[in-house]
Structure formats: C-alpha cells, structure tokens
Amino acid sequence: MTVLVVRPSPACEELVAQLNLLGVKALPAPLLSFNPGDDLPSLSQTLCDLPSGSVVIAISPRSIEYAAGALATNNQSWRDDLHYVAVGAKTASVWKSLTNIEAIQPPTEDSEGMLTLPLFGNAKGLSVLILRGNGGRALLGNTLAKNGAQVRYFEAYQRHWDDKHLSSQIEQWHKASVDTVVFTSGEQLALMYQSFSSHDQQWLRECHILVPSKRIYNQAIELGFNAISCVSSPSNTTLLHALCEMNNSG
C-alpha cells in the first residue's frame, strides 16, 4: 500500500512521517496554503457588536490561530458572555491552549454533528458568528439561518489551491504506485478531482480513499469512487490508526 496524504501543512508532513516510521510508504500533497483573511482587521469590533448569549463557531484550528492572533494584537480578550463552539477536538484544543476558552464540541466532527447540539435546538433569533476561511461550512450556516438564526460569516483566513506543479506531481504519484489517498476535506477532494485530466480522474477513482465524514463519503460516491473508508475524525491519530489497519489487512 502506498498512501498519498492530501491535507495542509504541517499536519500533512507529520502524518506522512508517522506512516513511514511504521513502514507504510506515504507521500505528502499539501496543496492548500493559507493567508490572513480579509475580515481579520474588524474582528475586535465584530465581537463587541454581538449580543450577549451569541454563538461563535470555529470551523478549524486555523480559524482560531488567525483570530486569536488578531485579538492579541489589539490586546483584546474573548468575551465571557458568549457561547463558543468548535467543530472538533483539535479546534477545541487549540482554542483552549491559545485563549483558555473551553469550547463546546459536537458528537461528530462535521456540520451535521454541530447541528445536533442542544444550543441550536431553538435557533430562532440566535446570533451566530462563524469563523472560517474563504468559503466553507455552507450547510451549517444555511441550516441555522433557515431555522431562524442571524448568521454572519467571518473570513479569518484565505485558502489558496496550488496546482502549479500538479502535472509533474501526478507523474511521481503514478511512479510510486499510489493506491490509497487521504482527503481531509470535501474541498480538497473536489479541487484535486477538477484539476485532473479525465485519464487521471479515472486513476484517482480506482484508488482507495479515506475520508473523515459521511458528507465527504457521499461526495466521493457522487464522483464515482467505489473504494471509500470513512473515519470519525480528521485528526492524524485517527487517520494513522485507520491506515495501519488497512495496511495490515492487505
């Protein structure tokens, strides 16, 4: 088994190193890079304007890293009369370590899991601020808005898809006999698939892919993938365990 890990740095290289250390051949594909979001300069005022009892949602560790940095620059703290929700354990951990915020976590690390939280049981009139990149988590925001919440998206960072050297990379992946691919977001799956020629799309569909949510699983089904494994979290620990089991099962 040869694994291609498609996720941003540094988690991408960290997972590849762990796999190689355990004897599983793996290659990194950190095709997304990040910059501060256009909304960051207004974060302090945006938080100040929220009504007491509002909800602030962080959809990734990166959104917290950029947001916390912006607040620290302005010597501002996170308000203690707001509810804070993290999409997963890693995001909650980063929030805790950088700001001491104890964020609420959903039962599953995806938009569907977030929507099951009691906090959103009666969303009518609830003010919700979603810290995210340029796009993403449309299902979460759209559903909350449909249920009566006042939703605002806040661009904490920007994602950039780097496919400048993709053709030469694909050739390397073929030579390395890549047969297993890890995608940690639906966006990465869609962008890579769209960037491929029809021939390379066929090759990708023949690979066994590992994804961290049912939503991305269904997305892969729609694209024509057949061999798909789904885990409950995009954390490297969870992915490493699943990949080692796949490798050992032959």
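Select helix α6, residues 138-146, in this predicted model. Its buried residues are L140, G141 and L144. Now look down the axis of α6: the buried residues fall within an arc of 90°, so they line one face of the helix. To see what this face packs against, add four elements to the selection: β4 (55-58), α5 (111-115), β6 (127-132) and β7 (150-155). Then move past the end of the helix to G148, which follows α6 and has a positive phi, near 105°.

Next, stay with β6 and β7 and pick out R132 and Y153. R132 lies over the face of the Y153 ring, 3.8 Å from the ring centre. A second arrangement of this kind involves R62 and F34: here R62 sits over the face of F34, at 3.7 Å from the centre of the ring.

Keep F34 selected and add Y66 and Y157. These three residues form one aromatic cluster.

How many aromatic pairs does a search of the whole structure find? The search finds 7. A pair of aromatic rings is described by the distance of the centres and the angle of the planes.

Select W78 and W95 to see one of the pairs. The ring centres are 5.5 Å apart and the planes stand at 70°, so this pair is edge-to-face. W78 lies in the loop between α3 (61-73) and β5 (83-86), while W95 belongs to helix α4 (residues 89-99), so the pair ties together parts that are 17 residues apart in sequence. Are W78 and W95 buried or exposed? Both W78 and W95 are buried.

Go on to F196 and W203. This aromatic pair is tilted, with 6.4 Å from centre to centre and 35° between the planes. F196 has a relative accessibility of 6% and counts as buried. W203 is buried too, with a relative accessible area of 12%.

Finish with the cysteines. A disulfide is a covalent bond between the sulfur atoms of two cysteines. The count of disulfides in this model is 0. Select C230 and C207 and consider the distance between their sulfurs. Why is there no bond at C230? The closest cysteine sulfur to that of C230 is in C207, and it is 18 Å away, so it is too far for a bond; the cut-off for a disulfide is 2.5 Å between the sulfur atoms. C230 is partly exposed, at 39% relative accessibility. Select C48 last: this residue also counts as partly exposed, at 48% relative accessibility.

How values were computed:
Residues are numbered from 1 along each chain as its sequence is written. This is a predicted model: local features need pLDDT of at least 70, side-chain atom pairs count only at pLDDT 80 or more; totals for chains, interfaces and linings use all residues. Side-chain values use heavy atoms; hydrogens and water are left out. Rings of Phe, Tyr and Trp (its six-membered ring) pair if their centres lie within 6.5 Å; planes under 30 degrees apart count as stacked, over 60 as edge-to-face and the rest as tilted. Helices (H or I, at least four residues) and strands (E, at least two) are DSSP runs, numbered from the N terminus. Buried means under 20% relative accessible area, exposed over 50%, partly exposed in between (1.4 Å probe, protein chains only). A charge sits over a ring if NZ of Lys or CZ of Arg is within 6 Å of the ring centre and within 35 degrees of the ring normal. The arc is that of the directions from the helix axis to the C-beta atoms. Contact means heavy atoms within 4.5 Å.
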